[in-house]
Amino acid sequence: MFRLDNKIALVTGSSRGIGRGIALALAKAGADVVVNYAGNAKAAEETAGLISDMGRKALVIQADVGEEDQVNEMFAKIKQEFGRLDILVNNAGVSLIKQIQDTTINDYEQVFAVNTFGTFLYTREASKLMIA
């Protein structure tokens, strides 16, 4: 098994599903984990509790990956708490299950904001902490 002792990891969308699984695997390997979620605070706190039970630190931060102001605030909190970031997992994503004729531009903009802009915003801000 690989070891990530004393590494700081951020997993977007880590309150449930695949993101939770990734966050828990990183913690099991020794990393402290930033648990990022958009809307389900209870699930995020549950994930953080599981990480803490492994003896690792978990920082829960709500931020919509497609909202630049929220992303910037989140990275300021990470910098304040840890001073650095070692690992970024851009896990958050949304899909649209609709017939194309029923899809509005607002629907599509939401998917694009999370899946494309979100990945860009997180990678841009993470790189600043990683390079420093």
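1. In which helix is the place of Y108? Y108 belongs to helix α4, which covers residues 105–131. The model discussed in this note is a predicted one. With a relative accessibility of 48%, Y108 counts as partly exposed, because the partly exposed class lies between 20% and 50% relative accessible area.

2. Y108 also takes part in two groupings of side chains. On the surface, I105, Y108, F112 and F117 make up a nonpolar patch, and their accessible area together is about 430 Å². In addition, Y108, F112 and F117 form one aromatic cluster.

3. The next point concerns strand β2. This strand spans residues 32–37, and 6 of its 6 residues are buried, so β2 is largely enclosed by the rest of the structure. Cover is present on both faces: D32, V34 and N36 are buried on one side, and V33, V35 and Y37 are buried on the other.

4. Strand β2 is paired with β1 and with β3. Strand β1 (residues 8–11) runs parallel to β2 and is joined to it by 4 bridges; in this pairing L10 stands opposite V34. Strand β3 (residues 58–62) also runs parallel to β2, and here 5 bridges join the two strands. On this side V34 stands opposite L59 of β3.

5. The connections between these strands pass through helices. From β2 the chain crosses through helix α2 (residues 41–53) to β3, and this β-α-β crossover is right-handed. A right-handed β-α-β unit is likewise made by β1, helix α1 (residues 17–28) and β2.

6. Aromatic contacts deserve a separate remark. A pair of aromatic rings is described by the distance of the centres and the angle of the planes. The count for this structure comes to 3 aromatic pairs. One of them is formed by F75 and Y122, whose ring centres are 5.6 Å apart and whose planes make an angle of 70 degrees, an edge-to-face arrangement. The pair links distant parts of the chain, since F75 lies in helix α3 (residues 68–82) and Y122 in helix α4, 47 residues apart. Are F75 and Y122 buried or exposed? F75 is buried, its relative accessible area being 4%, and Y122 is buried as well, at 0% relative accessibility.

7. Side chains of opposite charge can pair when their charged atoms come close. The whole structure contains 9 salt bridges. Among them is the one between D32 and R56, in which the closest N and O atoms are 3.0 Å apart. D32 is in strand β2 and R56 is in the loop between α2 and β3, so this salt bridge ties together parts that are 24 residues apart in sequence. D32 has a relative accessibility of 12% and therefore counts as buried, the limit for that class being under 20%.

8. Two further salt bridges may be noted. K98 and D107 meet through their side chains at 2.6 Å, N to O, and K98 is partly exposed at 43% relative accessibility. R124 and E125 form a salt bridge whose closest N and O atoms are 2.8 Å apart. In this pair E125 is buried, with a relative accessible area of 10%, whereas R124 is partly exposed at 26%. Through salt bridges that share partners, E68, R124, E125 and K128 are joined into one network.

Terms used
Residues numbered from 1 in each chain as written. Predicted model: local features only at pLDDT ≥ 70, side-chain atom pairs only at ≥ 80, totals over all residues. Heavy atoms only, no water. Patch = residues over 30% accessible without salt bridge, like charges linked within 9 Å, V, L, I, M, F, W, Y side chains within 5 Å. Areas by Shrake-Rupley, 256 points an atom, 1.4 Å probe, with all protein chains shown as cover. Salt bridge = Lys/Arg side-chain N within 4 Å of Asp/Glu carboxyl O. Buried < 20%, exposed > 50% of the residue type's maximum accessible area, 1.4 Å probe, protein only. Pairing = 2+ DSSP bridges. Right-handed = clockwise from strand over helix to strand, strands pointing away. Phe/Tyr/Trp six-rings, centres within 6.5 Å; stacked < 30°, edge-to-face > 60°.
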